[in-house]
Amino acid sequence: MSSENNLKPKTKKLQATHMRILTGTLVLLHSLLFATAQTIYSASDSITTEQLLSKARSLPPKTCLTVFFGNKLAGLPYKSGTLEKNYVGRGGCGQEQLIVNTREFDCTTFVETVLALARTAERGKHSFNDFCNNLQAFRYQQGTIADYTSRNHYFSTWIDNATSSSIMYEVVPTDKALCRKRKLNIHYMTSHPERYHALQGERNEDYLRKIKQMEQRQNMKEVTYIPKNVLNNPRNLLSFIKDGDIVAIETSKEGLDTSHVGIAVWSSDNRLRFIHASSAYHKVVTSPVYTYLKKQKHAIGIRILRLK
């Protein structure tokens, strides 16, 4: 009896030690970055992704998945340049890989992450691997990672890829009074290669040549957009915009096509808002679309995309 009592404190101490080791191991795993041949992610990215996909399984049938996932990521920090980590300090010699980051976003990676989650859930899939496949389909031309130039760096090429791959379709109002046309004139990347890590160093000329060719192909195109003054109309005149649509803000800034993107959501007061990763607020927030556009002197209107 006495020997059994003497063992109990030791057993409890051993159990506590094991628990501390286990906790420390889990914390370490949570922060580690993993890499496969084409994918970089942390343990927390895969855990978060599968937790979100699991929650989506119990949603009512008509739930807007893009709004659901967008709201689930609300408040997470804004972070630019997360896709460039393979090229920083490597003289343009980094390897292009699919980078998964569910912890921080710029406006495009936020939209891509939400869309990949929504498309995965809509198809009845729930694994991290399924999510990665869908993320890659949005981010890269024809869903194929070849090199740095196969990524959709301009949002107009992002739109072309998504629509030609039958992942999404563009929503254009039937009332032509609500539309304007513009010819693209993109050249920002080739005009400012010093601002891109991958465009510096020994592979500079090859990448610049490919990007220049892409810019020239895009500049042969005319696109339709909805002018920002139209977005001050009541909801009944903007009924072609639905919850969960992608809002791409067109800009007149020299060399660019799109300056910002987010996810449309109608509020209870019938105001069109969008969920977006904001550099001004340093996190994912929801803002009125028209109010946002009014504050951006180069913003001329929006394009609308919808998942098929």
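**A tour of the strands**

Of the 308 residues in the protein, 48% are buried, where buried means under 20% relative accessible area with a 1.4 Å probe and protein chains only. This is a predicted model, in which local features need pLDDT of at least 70, side-chain atom pairs count only at pLDDT 80 or more, and totals for chains, interfaces and linings use all residues. Residues are numbered from 1 along each chain as its sequence is written, and side-chain values use heavy atoms, with hydrogens and water left out.

Begin with the whole protein in view, which holds nine helices and 11 strands; these are DSSP runs numbered from the N terminus, with at least four residues for a helix (H or I) and at least two for a strand (E).

Next, select residues 39-42, which form strand E2 and are covered on both faces, with Thr39 and Tyr41 buried on one side and Ile40 and Ser42 buried on the other. Add residues 98-99, strand E3, which runs parallel to E2 and is joined to E2 by two bridges; strands count as paired if DSSP finds at least two bridges between them. Within this pair, look for Ile40, which stands opposite Ile99 of E3.

Now move to strand E6, residues 222-227, which is largely enclosed by the rest of the structure because five of its six residues are buried. Selecting residues 180-183 shows strand E5, which is antiparallel to E6 and joined to E6 by four bridges, and here Arg182 has Val223 in E6 as its bridge partner. Finally, select residues 299-307, strand E11, which pairs with E6 in the antiparallel sense over two bridges, with Ile302 of E11 as the bridge partner of Ile226.

Definitions and conventions: Buried means under 20% relative accessible area, exposed over 50%, partly exposed in between (1.4 Å probe, protein chains only).
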